[in-house]
Amino acid sequence: MDAPSRPAAPSPRDLPSVDRVLATPAGQQAVEAFGRAPATQAIRAALDEVRACLLAGKLAALPAPDHVALAAAEALERSARSHLRPVFNLTGTVLHTNLGRALLAEEAVEAATRAMRAAVALEYDLATGKRGERDDHVRELLIELTGAEDATVVNNNAAAVLLVLNTLGLGREAIVSRGELIEIGGAFRMPDIMARAGVRLVEVGTTNRTHPRDYAGALNDATGLVLKVHTSNYRIEGFTREVPARELAAIAHARGVPVVNDLGSGTLVDLARLGLAHEPTVREAVAEGADIVTFSGDKLLGGPQTGFIVGSKDLIAAINKNPMKRALRVDKIRLAALEATLRLYRDPDRLAARLPTLRLLARSRADIAARAHALAEPLAAALGEDFDIEIVDCVSQIGSGALPLETLPSAGFAIRPATEASGGRLNALAAALRALPVPVIGRISEGALILDLRCLEDEQGFLASLAHIGGPG
């Protein structure tokens with residue numbers, strides 16, 4: 001008796017046509033959702049992948065046309081997902097540069113949304129019917145909140161420093177203490193910014209000690225400005241000396257030279273009210289005699305990415321006439337969010353509750369620990385028996401160069417492999433958390449994946465995202 005013949009292996013020639021796959025219900029849904037051209041291209045790619053598997057002998061049967069259409073639709077959905085995705089910041093760093101720094105207040109979000117949906121009077125004076133200035137939307141608020149004579153705004157603080165240096169010191173000397181020649185994120189260094197601004201750097205003092213005589217001896221007819229830089233991303237301790245801002249202003253003004261004080265992060269309120277270390281406020285810097293003060297909008301201030309320049313009316317006018325100002329200006333969306341954020345500062349008693357940055361910085365360890373206890377069981381259930389979870393004390397930091405030695409007591413989870421300490425398993429778990437619909441970003445430290453809960457407010461969203469986790473490792 002003859003042995004039964006084996007069915008012929010599927011051939012690439014038997015693959016359905018692109019039109020046949022497009023005609024399936026899944027194919028039509030893909031066309032409806034993404035358009036005919038993208039759907040057709042995705043189906044061709046899916047068929048090419050099946051063809052490659054057939055030629056490699058990896059498929060025993062041809063997939064049905066609707067399965068091919070579903071695979072193409074899934075690929076389209078993945079490619080359509082925004083790269084700028086929301087994440088859960090459980091790193092313990094509140095103002096995390098790589099995660100977008102400050103979260104905006106709801107008032108700022110609403111203002112930005114309104115500006116996006118309609119034409120706005122950005123550079124149009126409604127009273128006169130003539131051209132207006134976009135800075136006017138925030139100028140009076142900045143004057144009120146800082147005590148400065150005038151103010152202008154650009155797209156970030158590095159731009160503010162660049163513009164000020166170029167306006168006041170182009171082709172001239174800028175005096176700065178050697179201990180203040182900082183490097184900010186992304187390897188951007190103050191000396192490099194000064195060189196691009198067209199000023200000649202004159203270093204005075206030493207890394208740890210600068211005296212009044214150092215500044216006085218460097219001042220001459222070629223001096224364009226004296227620059228004071230707040231060393232917000234590091235601190236030198238021990239045998240140190242710096243010239244206080246008020247004393248420095250007196251030395252420079254005696255020679256008719258303006259003083260620029262770059263606060264970096266900058267704050268409009270005394271952070272001691274939140275139980276944090278005191279950070280120089282903008283109002284203090286203005287009162288101490290600085291002719292120009294620069295600071296950020298998206299760090300301690302809690303607004304959108306912007307750079308502020310406040311100070312002398314005459315100097316602000318000169319800065320606004322610099323052609324570089326147009327290249328560094330902000331758009332209507334950020335201006336709308338910024339105005340709404342600054343208005344919150346008029347009500348300091350409710351500021352911490354309404355501004356996310358200050359709210360997160362002010363959270364107590366007890367409140368965070370209570371959330372950890374509430375989330376421990378569902379987190380353990382999501383991760384399964386392969387990992388042990390422990391509620392631990394954490395040390396949060398402010399981030400973005402603000403208060404470098406100031407830490408915040410917090411709480412969260414330390415997650416470890418249940419059977420064996422393995423960096424590979426922890427890395428796989430961290431990758432699985434990053435692959436969730438709303439990625440969860442923690443940090444690996446001392447053999448554990450740490451999830452600091454200081455910045456977690458949407459607990460239900462966190463648990464909903466965890467429900468999609470697979471089996472890492």
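**Group meeting: a walk through the predicted model**

Let me start with helix α6, which runs over residues 136–146 and whose buried residues are Val138, Arg139, Leu141, Leu142, Ile143, Leu145 and Thr146. Please keep in mind throughout that what we have on the screen is a predicted model. The buried residues of α6 pack against three strands and three helices, namely β4 (150–154), β11 (292–296) and β12 (307–311) on the one hand, and α11 (282–287), α12 (313–321) and α14 (332–344) on the other. Just after α6 comes Gly147, and there the backbone takes a positive phi of about 80°.

Two of those packing partners, β11 and β12, bring me to the next site, since the loop between them holds Lys299. The UniProt record, an unreviewed entry, places the feature "modified residue: N6-(pyridoxal phosphate)lysine" at Lys299, and I would add the caution that such annotations may be inferred rather than shown by experiment. Is Lys299 buried or exposed in this model? Its relative accessible area is 13%, and because buried means under 20%, Lys299 counts as buried.

Lys299 also turns up in the surroundings of Thr357, a residue of helix α16, which covers residues 356–362. If we leave out residues up to four places away in sequence, Thr357 touches Val94, Leu95, Ala102, Leu103, Lys299, Leu300 and Gly302. With a relative accessible area of 1%, Thr357 is buried.

Let me turn to another loop residue, Val257, which sits between α10 (245–253) and β10 (259–264). At 6% relative accessibility, Val257 counts as buried. Leaving aside neighbours within four places in sequence, Val257 is in contact with Leu219, Thr223, Gly224, Leu225, Val226, Ala252 and Asp291. For one of these, Leu225, the separation from Val257 is 32 residues in sequence, while the C-alpha atoms are 5.6 Å apart in space.

Now to the aromatic residues, where the structure holds 2 aromatic pairs. In the pair formed by Phe88 and Phe462, the ring centres are 5.7 Å apart and the planes meet at 85°, so the arrangement is edge-to-face. This pair links distant parts of the chain, with Phe88 in strand β1 (residues 88–89), Phe462 in helix α19 (residues 459–466), and the two positions 374 residues apart. Phe88 counts as buried at 11% relative accessibility, and Phe462 likewise counts as buried, at 0%.

Going back towards the start of the chain, the unreviewed UniProt entry assigns residues 13–51 to "domain: L-seryl-tRNA selenium transferase N-terminal". Over that stretch the model is 79% helix and 0% strand, and the C-alpha atoms at its two ends are 9 Å apart.

Finally, the chain as a whole. There are 19 helices and 17 strands, and 48% of the 473 residues are buried. What radius of gyration does the chain have, beside that of a compact globule of 473 residues? The chain has 29 Å, whereas such a globule would be near 23 Å, and along the principal axes the C-alpha trace spans about 115 × 60 × 40 Å. Among contacts between residues at least 6 apart in sequence, 75% join residues at least 24 apart. As for the surface, the chain exposes about 23,600 Å², of which carbon and sulfur atoms supply 51%.

How values were computed
Residues are numbered from 1 along each chain as its sequence is written. This is a predicted model: local features need pLDDT of at least 70, side-chain atom pairs count only at pLDDT 80 or more; totals for chains, interfaces and linings use all residues. Side-chain values use heavy atoms; hydrogens and water are left out. Rings of Phe, Tyr and Trp (its six-membered ring) pair if their centres lie within 6.5 Å; planes under 30 degrees apart count as stacked, over 60 as edge-to-face and the rest as tilted. Helices (H or I, at least four residues) and strands (E, at least two) are DSSP runs, numbered from the N terminus. Buried means under 20% relative accessible area, exposed over 50%, partly exposed in between (1.4 Å probe, protein chains only). Contact means heavy atoms within 4.5 Å. The radius of gyration is taken over C-alpha atoms; the globule rule is 2.2 Å times the number of residues to the power 0.38. Accessible areas come from the Shrake-Rupley method with a 1.4 Å probe; for residues, only the protein chains shown count as cover.
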